Every structure is written in C-alpha cells, then in structure tokens.
Amino acid sequence: MKNRMRRLRSSETMRSLVRETSVSRKDLIYPIFVIDGENIKNPIASMPGIYQYSIDRLKEELERIDQSKIAGILIFGIPTKKDEVGSGAYDENGITQRAIRFIKENYKDMLVIADVCLCEYTSHGHCGLICDGHILNDETLPLLAKMSVSLAEAGADIIAPSDMMDGRISYIREALDENGFINIPIMAYSAKYASAYYGPFRDAAHSAPQFGDRKSYQMDIANLKEAIREVEEDIEEGADFVMVKPALAYLDVIREVANRINHPLVAYNVSGEYAMVKAAAANGWMDEKRIVMENMIAIKRAGAKIIITYHALDVAEWLAE
C-alpha cells in the first residue's frame, strides 16, 4: 500500500506540521455589555460567565481582555432610559459613548468596535423607527449615521452597523467622512439572519422587540443567494469588513461569501451557540475545551478571517497553554 494517510497523523507534532487551519488569539473579538449605573456586575443567566458591567466595574473585565492578547472588543451599551426614537444611542453622554471614552483613557491601544443599532435604546425594541407597526427604513438612516459619528467621536476604532436597514452603509460612510472620520472603517453586519440563536443576547442587551419580530428587515434563514447580494451591496456602499451572523448554522454561507470576496470576512459566533455549549458542558455531556476549539476551527475553515465570540477569553487562555 503506497498511500497511507495515517502516516501524517501519527503524533501531535506530525499533525501540527500538516495542519491546514489554525486559530490565533489575534483572530478573536470579545463582546462586552456595559450598563448604566454604579457597582454593577450582573450575571447573565442564559450566558454563564458573561456579565453586564457598569463603567466603574469595567476595569475588571478590561484587565482580563488586555492580558488575553486578543484582537479587540465589540461593545454594547444598555441605557437606563429608552424612548421611541432611541435617543440614548446618539447622545454624546450615552452609556456606550462614556464607556468607550473610559476604555480609551485606560487602555488606549485596545481595539474597540462599536455596534450601531437602535434596538437597545428604543422603548419598542426594534432596530429602527416605527410607524403604525411598520419599521421605517429611510427615516432610520439619519439616526444610525448620527450614532456612528458620536461613537467615532468617543474614540471607537471601527463602526459596526447591525441594524440591517437598506442603504445604511453608504449613509454612515458619508456621515463619517463629512465629520472628518475618513479613516474609521465600517464592519457591516451584511448577512444577518432573523435567527432564534439570538435569544440569550436579548436577555443580555435588554433588546427583545416588544411586538412582532425582525423578519421584515433581518434575512430569511433559508436564503443563501440573498446573502451574497447583501454582502456585495455593502461592499459597493463602502464597507471595509463584511459579516455573516450567526456562524455555526451558517457555515455554508461563510464559505460561499469567502469564495466570492476579497474583503476581510467576520463571523459572529452568537449567544445561542455559546449558551448551548455551556449548557452541555455543565451537564457533562461534552468536553467544553474540545468542542469550542472544534467550533473555532470550523468557522475559520469555512473562510472567516475574524471570529466574534463569547468564548474568546477562554480560547485565548487555551491557545496560550
């Protein structure tokens, strides 16, 4: 027998030598939740190990992040007050803006990606303005642009629109440029599906819609070709990064997008994917380290360059070992 594939699997050294896909700490982005108030570290029941932090407690988490040597963080703010137009999203003294300034004052080299969406800030929980039960697209764009500029002014390194309104990338790009932020990149949530995997995140960010769902603006879970159109349109409008969200149930989408574009591709390993692993590991049904690392490899192998994941700090520790 001339060909024995097992020759290249005989030891860890040999397997490492021929390994096709790897995960680095610099591939990882860690989401964090910052909440209005003082002395707050709220555990999120559906996401073991993840917390909401008030700004005065944020250093506890930032120190771990800094020591982990991961690429950066994705920040979500949770305001005390919400209204119909999500005014806290674009308030220069809003929770997210204040948190970004705090981070940059204490960890100036930490990469901060700022999520742009109204859902955490609106009383109705939708990602745009509403009228008679309908989510308004064009009327929402100026507010998303205003939010983007305020986050850039606070010190955000990357603006990440997650709202899925049509045309928002060009609108935000124009607003950033007009306000002198021509060098701030946009990380577009391009193929963001209307997924059931977001449930725990909505607990964490207090962002569940108060009526209906988000299927009229987030993508249908059955569609692949539409994802390509969304990605291509965002690139045409000026996106610097594009994203597929969720990751594990959409590896085919990640692969298809990766085959078609030359832009950096981001995959978001979302809250529900995280929660399922944590629940199974807590029950002794799976080896948490092995399954998480296998998931990370799968996402990279599918074609993602960057992975946003709540496992980031654990993965960084395991890689350091």
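How do the residues of the lining of the largest cavity divide into nonpolar, polar and charged? In this predicted model, the lining of that cavity comprises six nonpolar, two polar and six charged residues. The sections below place this cavity among the strands, loops and pockets that surround it or lie elsewhere in the chain.

A search of the whole structure yields two cavities of 30 Å³ or more. The largest cavity has a volume of about 90 Å³. Its lining counts 14 residues, and those closest to the centre are Cys119, Lys192, Phe201, Arg214 and Lys245. Strand 9 and helix 6 are the elements that give two or more residues to this lining. For the second largest cavity, the volume is about 50 Å³. Met164, Met165, Asp166, Gly167, Arg168, Glu230, Glu233, Asp234 and Glu237 form its lining. Helix 7 provides the largest share, with four residues. Sorted by class, the lining of the second largest cavity contains two nonpolar, one polar and six charged residues.

Cysteine 119, one of the residues closest to the centre of the largest cavity, is found in the loop between strand 5 (111–116) and strand 6 (129–131). With a relative accessible area of 6%, cysteine 119 is buried, since the cut-off for a buried residue is under 20%. Apart from neighbours within four places in sequence, cysteine 119 is in contact with Gly125, His126, Cys127, Ser207 and Arg214. Among these contacts, Arg214 is also listed with the residues closest to the centre of the largest cavity. Glycine 86 is separated from cysteine 119 by 33 residues in sequence, while the C-alpha atoms of the two are 7.6 Å apart in space.

Lys192 and Lys245, likewise among the residues closest to the centre of the largest cavity, are linked through strand pairing. Lysine 245, in strand 10, is the bridge partner of lysine 192. Strand 9 (residues 187–192) pairs with strand 10 in the parallel sense, over four bridges. Strand 10 also pairs with strand 11 (residues 265–269) in the parallel sense, here over three bridges. Within that pairing, valine 244 stands opposite alanine 267 of strand 11. Strand 10, helix 8 (residues 251–260) and strand 11 together make a right-handed β-α-β unit. Because five of the five residues of strand 10 (residues 241–245) are buried, this strand is largely enclosed by the rest of the structure. Burial extends to both of its faces, with Phe241, Met243 and Lys245 on one side and Val242 and Val244 on the other.

The pairing continues from strand 11 to strand 12. These two strands run parallel and are joined by four bridges, and valine 266 stands opposite isoleucine 306 in strand 12. Strand 12 (residues 306–309) directs Ile306 and Ile308 one way and Ile307 and Thr309 the other, and all of these residues are buried. Strand 12 is also paired in the parallel sense with strand 1 (residues 28–35), over two bridges. Isoleucine 308 is the bridge partner of isoleucine 29 in this pairing.

Two pockets were also examined. The largest pocket has a volume of about 340 Å³. Of its 13 lining residues, Glu12, Arg19, Thr21, Ser22 and Ile297 lie nearest the centre. Helix 1 (12–18) and helix 10 (288–302) each supply at least two residues of this lining. The residues lining the largest pocket divide into six nonpolar, two polar and five charged.

The second largest pocket holds about 160 Å³ of space. Its lining consists of Ile135, Asn137, Met164, Met165, Asp166, Lys215, Ser216, Tyr217, Gln218, Met219, Glu226 and Glu230. By class, five of these residues are nonpolar, three polar and four charged. Met164, Met165, Asp166 and Glu230 also appear in the lining of the second largest cavity.

Gln218, one of the residues lining the second largest pocket, lies in the loop between helix 6 (199–205) and helix 7 (225–237). Glutamine 218 has a relative accessibility of 5% and therefore counts as buried. Not counting residues up to four places away in sequence, glutamine 218 touches Met164, Lys192, Tyr193, Ala194, Ser195, Tyr198 and Arg202. Among these contacts, Met164 lines the second largest pocket as well, whereas Lys192 is one of the residues closest to the centre of the largest cavity.

Methods:
Residues numbered from 1 in each chain as written. Predicted model: local features only at pLDDT ≥ 70, side-chain atom pairs only at ≥ 80, totals over all residues. Heavy atoms only, no water. Buried < 20%, exposed > 50% of the residue type's maximum accessible area, 1.4 Å probe, protein only. Pairing = 2+ DSSP bridges. Right-handed = clockwise from strand over helix to strand, strands pointing away. Contact = heavy atoms within 4.5 Å. 1 Å grid on protein atoms, 1.4 Å probe; cavity = no way out; pocket = protein on both sides within 12 Å on 5 of 7 lines; lining within 4 Å. Points joined across faces, edges and corners; volume = space filled by probe spheres on them. Nonpolar A, V, L, I, M, F, W, Y, C, P; charged D, E, K, R; others polar.
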